[in-house]
Amino acid sequence: MTIENTIDAFVDGAIVDTTALDAALASSDGRAYLFDVLALRQTMQTSMPAAAVRVTRIRRPFLRYASAAVVALALVGAGYAAGLRQAPAAEVTAANTSDGARPPEPTRVIELTPGVNWHESRGGD
Amino acid sequence: MPETPHAERLYLECQPRVVRYLTRLVGHADTARDLAQETFLHAARSPLPESEPGQRAWVFRIARNLGLNHLRDTAQHARMAPDLDGGTGPAQETTLLVREALAQLAPLDRDIFLLREAAGLSYAEIAEACAVTEDAVRSRLQRARQALRVLLHGTLATERARGVRFSGRNDE
């Protein structure tokens, strides 16, 4: 196994023979290779073409409109479904009132007799 | 898109890495996202391997095939053309240098390097994704790194001067 193999295995999370790693890191070539591999990894992580993300948004406004349309359709669908769920409840209430349901019996009855305990009066009196 | 809990978990776990890998491979983030969607559609339609590493390798195998097909189909049109939105900053210059350096590698060396550095796959997963042995992965990965050391000498010197951070894992 070469110095580079050992360093590669070390930085890639593979199992490494410690004696081989010790020897690899003891040489200046091994250390230089390690630093380059780490620098390369760092460069790969920091140089991702992120600008393309913005380009995408400019080039494809259709996707945004499509997304908005999907959201709008979902909201309309949800409203329709909610309406369907509530409609049967309203019918049941109406059926109960027209199906012989009676108000409760009065607990007290007051009888009014004209001239006795009922007097007509004009407004303002 | 994912049709089973298995596929959903795989999607959540691998999607960012698939996009990173494909972005590096095809050089365009928007194309990479489209290809990533296609990758998971393919994966959801096919029976997945039992083991998790096998599933990851399977997903990246699909992604790699789709990416290579895309590169082949668009070979006549500005292959590896800059997608830098007209910018000229140091980061974009580095991006361009990296892309040019990657383009000079042998295709399989480049794929193996990207599966390791952009996707964070293990040697075993890369071997399965590329249908090669683990020994082949080791030797090709080392060859790619040695070539990139030479091709990106100035860039790496600048990066080293800034300081490097040790990271045994490259899949976050």
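**Exercise 1. Classify Cys14(B) and Cys130(B) as buried or exposed, and find how many disulfides the structure holds.**

Step 1. Begin with the cut-offs: buried means under 20% relative accessible area, exposed means over 50%, and partly exposed lies in between (1.4 Å probe, protein chains only).

Step 2. Cys14(B) has 0% relative accessibility and therefore counts as buried. Cys130(B), at 8%, counts as buried too.

Step 3. A disulfide is a covalent bond between the sulfur atoms of two cysteines. The criterion here is a pair of cysteine sulfur atoms within 2.5 Å, and the structure holds 0 disulfides over all chains.

A word on the ground rules: this is a predicted model, in which local features need pLDDT of at least 70 and side-chain atom pairs count only at pLDDT 80 or more, while totals for chains, interfaces and linings use all residues. Residues are numbered from 1 along each chain as its sequence is written, chains are lettered from A and ligands numbered from 1 in the order in which they are written, and side-chain values use heavy atoms, with hydrogens and water left out.

**Exercise 2. Describe the largest nonpolar core and say which helix gives the most to it.**

Step 1. A nonpolar core is a set of buried Ala, Val, Leu, Ile, Met, Phe, Trp, Tyr and Cys residues joined through side-chain atoms within 4.5 Å. The largest one has 45 residues, and those touching the most other members are Val18(B), Tyr21(B), Leu22(B), Phe60(B), Phe113(B) and Leu115(B).

Step 2. Now look for the helices (DSSP runs of H or I, at least four residues, numbered from the N terminus). At least two core residues come from each of α3 (28–46) of chain A and α1 (5–26), α2 (29–45), α3 (52–73), α4 (90–103), α5 (107–117), α6 (123–130) and α7 (134–151) of chain B. With 9 residues, α1(B) gives the most.

Step 3. Separate from this is a second core of 7 residues, including Ile7(A), Val11(A), Ala24(A) and Leu38(A).

Step 4. Zoom in on Phe113(B), counting contacts as heavy atoms within 4.5 Å. Neighbours within four places in sequence aside, Phe113(B) is in contact with Leu40(A) and Met44(A) and, in its own chain, with Leu102(B), Ala118(B), Leu141(B), Ala144(B), Arg145(B) and Leu148(B).

**Exercise 3. Work out which two chains the salt bridge of Arg145(B) and Asp12(A) joins, and which network holds this pair.**

Step 1. A salt bridge needs a side-chain nitrogen of Lys or Arg within 4 Å of a carboxyl oxygen of Asp or Glu. Over all chains, the structure holds 20 salt bridges.

Step 2. In the bridge between Arg145(B) and Asp12(A), the closest N and O atoms are 2.8 Å apart. Arg145(B) sits in helix α7 of chain B and Asp12(A) in the loop between α1 (3–11) and α2 (18–26) of chain A, so the pair joins two chains.

Step 3. Check the accessibility of both partners: Arg145(B) is buried at 0%, and Asp12(A) is buried at 10%.

Step 4. Add Glu117(B), which is in helix α5 of chain B and is buried at 4% relative accessible area. Its side chain makes a polar contact of 2.6 Å with the side chain of Arg145(B). Such a contact is a pair of N or O atoms within 3.5 Å; within protein, one must be able to donate a hydrogen and the other to accept it, and residues adjacent in sequence count only if both atoms are side-chain atoms.

Step 5. Put the pieces together: a network of salt bridges links Asp8(A), Asp12(A), Arg41(A), Arg116(B), Glu117(B) and Arg145(B).

**Exercise 4. Find how many residues apart the partners are in the salt bridges Glu13(B)–Arg9(B) and Arg138(B)–Glu134(B).**

Step 1. The side chains of Glu13(B) and Arg9(B) meet at 3.4 Å, N to O. Both residues lie in helix α1 of chain B, 4 residues apart, about one turn.

Step 2. Arg138(B) and Glu134(B) meet at 3.6 Å, N to O. These two are 4 residues apart in helix α7 of chain B, which is about one helical turn.

Step 3. Finish with accessibility: Glu13(B) is partly exposed at 28%, as is Arg9(B) at 28%. Arg138(B), at 27%, is partly exposed, and Glu134(B) is partly exposed at 34%.
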